[in-house]
Amino acid sequence: MDQKVISVKGLTKRFGDFVAVDEISFDVFKGEIFGFLGANGAGKTTAMKMLTGLSKPTSGTGSVAGFEILKQAEKIKKNIGYMSQKFALYDDLTIKENAQFYGGIYGLNRRLIKLKVNQMLESLNLQDSGNKLVHSLPLGWKQRLAFSVAMLHDPPIIFLDEPTGGVDPATRRIFWEKIYAEASNGRTIFVTTHYMDEAEYCNRISMMVAGKMVALDSPKNLKLKYNAKTMNDVFVQIAR
Amino acid sequence: MRVLYYIIRKEFVQVFRNKAILPMMTILPIVQLIILSYAANNEVKQVNIHINDQDHSHFSRRLIQKIQAVDIFHTTSSSTDHQDGNTALLDGLADIVLNIPPRAEHTLLRTRAIKIQLLVNAINGQAATVGSGYLNQIIIDYNKEIRSELISGILVKPKLSPIDIEYSNWYNPELDYKTFMVPGLLGEIVTVLVMLLTAMNIVREREIGTIEQINVSPIKKWQFIIGKMLPFLVIGMILMIVGLVVGKLLFDIPIRGSIWLVFAFLLISLMAILGMGLLISNFANTQQQAIFIAFFFVLIFILLSGLFTPIESMPLWAQYLTIPNPIAHFVAFMRNVLIKGSEFSDVQYRFMVMGILAIVFNSLAILTYKKTT
């Protein structure tokens, strides 16, 4: 558990005078479920964009999956999976077509794609629906599908940006079971969420307030430190 | 290469799964061709004339007969009062008023010269020019006739005008307006549709959020752009084929030049147009913005394309503006090759300009497409 897969020092992003992310530094280890918390507008999404190569940091350095954020963004992209808060599969393609496309653009070959897609459909219990348009699936299913598609190319790290927004509790439960399974296989999960019950599931949690990282510890230690019963109380105390 | 294959396949599946695409490639160009080539028409078919004959002589009746024998003149009213003519013109009932003064024949026989008056409503410039031109011609002919009659009275051989002009209309002998318009319209339709479709396509990915998913993947910019271009290249080709078939069957447009030359040029033009569409999409966040930007350019491009008004009659600065205008080159090319039968050597300038446009637009499109924010 002590192999660093994400390591960031003084990462900063400025938009003009506004400092969206203010010198954050942290490490994430292999197989960890790392919760990335903060109020809306605290800078979570901007920080995540810098880690995934979508946005260039104004200053600071760091590495993701062993590659430099500043110079090797394209190499990082090969080694991460990403699932955004916006649903990012194509509604007008079938489940299979979506999976084939995302497998294809990560350079998997035809045989491997076929194998992976079949495995994926099986694990999602969608064997008979492979040729259905994604459009026709309920939201919870879409999110689970998006998560599976984001891992089709077996990335060592996966970034989840509010993956369970708008999903019912039962499906969220299934979703988190899947996350646990992936983490126990050594995959690192970097997840943002606004659901504090989900935060409890994380190995460690970081809290961002106004661009700064103000807390970083396990849920248990954070609750002790802030003398709170639930993560909800911790969040309200810190964010206020 | 494998990555490119998957990108292209996805784009094709998406584009051709869109139910609006098929009618757009077939019905839309046909309807546009039919409506525009019949309606967007500068041909003057009818000129309304008001005849105000205050003479009522053999002389005036002969002139009126000659005018009424011409098909395009439609005598809407006639009177013997000067004021009636003016009213007809003011009310828009007449395009031209012909005033024959009282005692015209008498004056002509005595002084051998009279004056008659044409009042022309120049609001409809085309009808005014064409109508008064025809009328002038009739009066000149009549003039000759009368002169020869008057002179023959004194037994002198009638002196005809020394220069007789005979017209021969090359490339479009019947001066068929549709022959002129359809090839140009075809160029315009293909260009506009393809540009809009391309611009909308990428912006749509931005709107629904899938572009972010693409941007965190290792897809290279050029792969993404080629994937976006190819389906629309095919659509452009299909549009052109449909348009040519319709043009041939419905309007019997001539196809004098090489059809391969047309498609070679189409290929280069489509690349330029696609590049332009991609460039627009890079500056728009919503489909609405994309349409507005595209509309801004398309409107200027069409009005300055020479499709409806000849480029040669534009002010010089506007003529320079037509150089980076793909529609202008396309329209000119289509007319030259289809109607005139131009060969490669005649249109190589257009190939060169279009090639440069393709390189410039696409380079800009790749440069301004950012995978990062």
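## Notebook: chains A and B

In chain A, 68% of the contacts with a separation of 6 or more are between residues 24 or more positions apart. I note at the outset that this is a predicted model.

**Entry 1. Chain A overall.** I counted the elements of chain A and found 9 helices and 10 strands. I then looked up its extent. The C-alpha trace spans about 50 × 40 × 35 Å along the principal axes of chain A. I compared the radius of gyration with the globule rule. A compact globule of 240 residues should come out near 18 Å, and chain A has 18 Å, so the two agree. Of the 240 residues in chain A, 45% are buried.

**Entry 2. Domains of chain A.** I looked up the domain assignment. Domain 1 of chain A is made of two stretches, 4–79 and 155–239. Domain 2 of chain A takes 88–140. I find 27 Å between their C-alpha centres.

**Entry 3. Cores.** Which residues touch the most other members of the largest nonpolar core? I find Ala146(A), Phe159(A), Ile189(A) and Phe190(A), in a core of 71 residues. I followed Ile189(A) further, leaving aside its neighbours within four places in sequence. Ile189(A) is in contact with Ile33(A), Phe34(A), Ile158(A), Leu160(A), Ile179(A), Glu182(A) and Ala183(A). There is a second, separate core of 61 residues. Val182(B), Leu193(B), Ile273(B) and Phe330(B) are among its members.

**Entry 4. Positive phi in chain A.** I looked for backbone oddities. Most residues other than glycine have a negative phi. Ala65(A) is not a glycine, yet its phi is positive, about 55°. I place Ala65(A) in the loop between strand 4 (59–64) and strand 5 (67–68) of chain A. Is Ala65(A) buried or partly exposed? It has 17 C-beta neighbours inside 10 Å, so I count Ala65(A) as partly exposed.

Glu162(A) also has a positive phi, about 45°, and is not a glycine. The loop that holds Glu162(A) runs between strand 7 (157–161) and helix 6 (169–184) of chain A. Glu162(A) is buried, because 20 other C-beta atoms lie within 10 Å. The cut-off for buried is 20 or more.

**Entry 5. Chain B overall.** I moved on to chain B, which has 14 helices and 4 strands. Its C-alpha trace spans about 95 × 45 × 40 Å along the principal axes. A compact globule of 373 residues would have a radius of gyration near 21 Å, but I read 29 Å for chain B. Buried residues make up 35% of the 373 residues in chain B. I also checked contacts in chain B between residues at least 6 apart in sequence, and 79% of them join residues at least 24 apart.

**Entry 6. Domains of chain B.** The assignment gives domain 1 of chain B as 47–152 and domain 2 of chain B as 173–368. Their centres, taken over C-alpha atoms, are separated by 49 Å.

**Entry 7. Two helices of chain B.** I took helix 10 (residues 259–282) of chain B and checked its span. Its 24 residues should cover 34 Å at 1.5 Å a residue, and the end C-alpha atoms are 34 Å apart, which agrees. I find 17 of the 24 residues of helix 10 buried, so this helix is largely enclosed by the rest of the structure.

Helix 13 (residues 326–340) of chain B has 15 residues. From first C-alpha to last, helix 13 reaches 20 Å, close to the 21 Å expected. Here 14 of the 15 residues are buried, so helix 13 is also largely enclosed by the rest of the structure. What follows helix 13 of chain B? I find Gly341(B), with a positive phi near 75°.

**Entry 8. Gln289(B).** I located Gln289(B) in helix 11 (residues 287–303) of chain B. Gln289(B) has 15 C-beta neighbours inside 10 Å, so it counts as partly exposed. I compared its position with that of Lys221(B). Gln289(B) and Lys221(B) are 68 residues apart in sequence and 22 Å apart in space, C-alpha to C-alpha.

**Entry 9. Where the chains meet.** How many residues of chain B are in contact with chain A? I find 19, in contact with 25 residues of chain A. Helix 1 (2–17) and helix 8 (210–215) of chain B each supply at least two residues of the chain B side. The largest share, 8 residues, comes from helix 1 of chain B. By class, I read 7 nonpolar, 8 polar and 4 charged residues on the side of chain B that touches chain A.

Note on methods: Residues numbered from 1 in each chain as written. Chains lettered and ligands numbered in written order. Predicted model: local features only at pLDDT ≥ 70, side-chain atom pairs only at ≥ 80, totals over all residues. Domains from an automatic or database assignment. Expected span 1.5 Å × (residues − 1). Buried ≥ 20, exposed ≤ 12 C-beta atoms within 10 Å, placed from the backbone. Contact = placed C-beta atoms within 7 Å. Nonpolar A, V, L, I, M, F, W, Y, C, P; charged D, E, K, R; others polar. Core = buried A, V, L, I, M, F, W, Y, C linked by C-beta atoms within 7 Å. Rg over C-alpha atoms; globule rule 2.2 N^0.38 Å.
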